Amino acid sequence: MGDRMTAAAQKQHNWLDQRWTVNLSILFTELPLFERPAAAAAAGFDAAELWWTLDGPTPPDSDLDALRRAFTDAGVQLTGLNFDAGNMAAGSKGLLSRPAESQQFRDNIAVAVGLADSLGCRSLNALYGNRVEGVDLKVQDELALENLTLAAHAAHGIGATLLVEALNAPEAPLYGLLSSKDAVAVVDQVNAVTGLDNTRFLCDLYHLARNGEDLVSVIDTYADRIGHVQVADAPARNFPGSGELDFPSLLSRLDGVGYTGYVGLEYKAGPEQDPFAWLPRDLRTSARA
Ligand SMILES: O=C(O)C(=O)CO
């Protein structure tokens with residue numbers, strides 16, 4: 001765009017100029033997992049993030065190798081990886097606070113960290129888990145802190161950040177962290193216990209908006225704890241610009257508080273043909289001047 005760009009076009013251009021990373025667990029889902037990095041590259045992206053979508057906490061090396069090859073062959077950088085969160089299609093939202101599934105999370109820590117390290121990924125997201133009926137909340141939260149401490153130390157071992165996020169109550173009513181305040185309190189607890197200062201808040205603007213939070217206030221209040229940002233528009237969780245959120249203002253606000261990290265595209269493809277038509281192709285690569 002030349003210097004004749006109008007002020008409005010300049011504002012539009014600036015918010016689009018981010019370090020985008022496309023979430024391959026919610027986009028390109030029409031393809032098998034190992035084909036998605038190449039599809040992301042064909043769509044113009046060079047960075048991607050993933051939920052844990054391999055088979056169980058300790059998948060065979062053949063699957064881990066195939067996933068690594070899929071990223072390296074496509075020339076796509078893995079920028080974020082979720083730890084095993086259980087069967088998400090069945091409603092699981094994490095294992096680490098649930099006594100009966102805690103060991104599954106622990107079994108996955110070294111595998112997920114090893115996979116991340118082998119691909120140069122320095123960001124690992126640990127979903128907290130849905131509340132377990134009949135188990136004292138204190139017991140669940142103490143277990144979560146213990147497991148997040150283990151994960152933070154493992155992440156630190158590869159120079160990575162551990163992320164903690166809030167989900168939205170309408171879609172995940174039993175999840176243990178349903179506000180930015182709750183998530184940041186856990187972030188601060190983990191950092192206080194470990195002394196590593198490598199745990200950060202995953203600021204998912206979609207989830208927080210669905211919880212009715214004032215997103216500008218969240219950005220301003222927790223700017224120093226934000227380790228990653230994810231976007232989808234509300235209420236339908238489709239592409240930015242398809243719903244009610246003011247992304248030009250929100251992303252400019254994040255720029256304004258000094259956030260320079262990746263912005264994860266964690267939204268569902270809607271009825272439109274191309275879920276990326278809103279983002280000019282020359283702005284889809286993550287490398288920024
Ligand atoms: O389950 C979700 O909606 C997530 O954002 C997982 O990271």
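Modeller: In this predicted model, helices of at least four residues and strands of at least two are DSSP runs, numbered from the N terminus.

Colleague: In which loop is the place of Phe 28?

Modeller: Phe 28 is a residue to look at for its backbone, since its phi is positive, at about 60 degrees, although it is not a glycine. Most residues other than glycine have a negative phi. The place of Phe 28 is in the loop between strand S1 (19–23) and helix H2 (36–42).

Colleague: Is Phe 28 buried or exposed?

Modeller: A residue counts as buried under 20% relative accessible area and as exposed over 50%. The relative accessible area of Phe 28 is 10%, and therefore Phe 28 is buried.

Colleague: Which residues does the cis peptide bond with an omega of about 10 degrees join?

Modeller: Most peptide bonds are trans. The bond in question involves Pro 235, which lies in the loop between strand S7 (226–231) and helix H9 (247–256). With omega at about 10 degrees, this cis peptide bond joins Ala 234 and Pro 235.

Colleague: What is the relative accessible area of Arg 237?

Modeller: Arg 237 has its place in the loop between S7 and H9, and its phi is near 60 degrees, a positive value in a residue other than glycine. Arg 237 is buried, with a relative accessible area of 9%.

Colleague: What ipTM does the predictor give the complex?

Modeller: For the protein chain, the mean pLDDT is 95, and 95% of its residues reach 70 or more. For the complex, the predictor gives a pTM of 0.95 and an ipTM of 0.95.

Notes: Residues numbered from 1 in each chain as written. Predicted model: local features only at pLDDT ≥ 70, side-chain atom pairs only at ≥ 80, totals over all residues. Heavy atoms only, no water. Buried < 20%, exposed > 50% of the residue type's maximum accessible area, 1.4 Å probe, protein only. pLDDT = per-residue confidence, 0-100.
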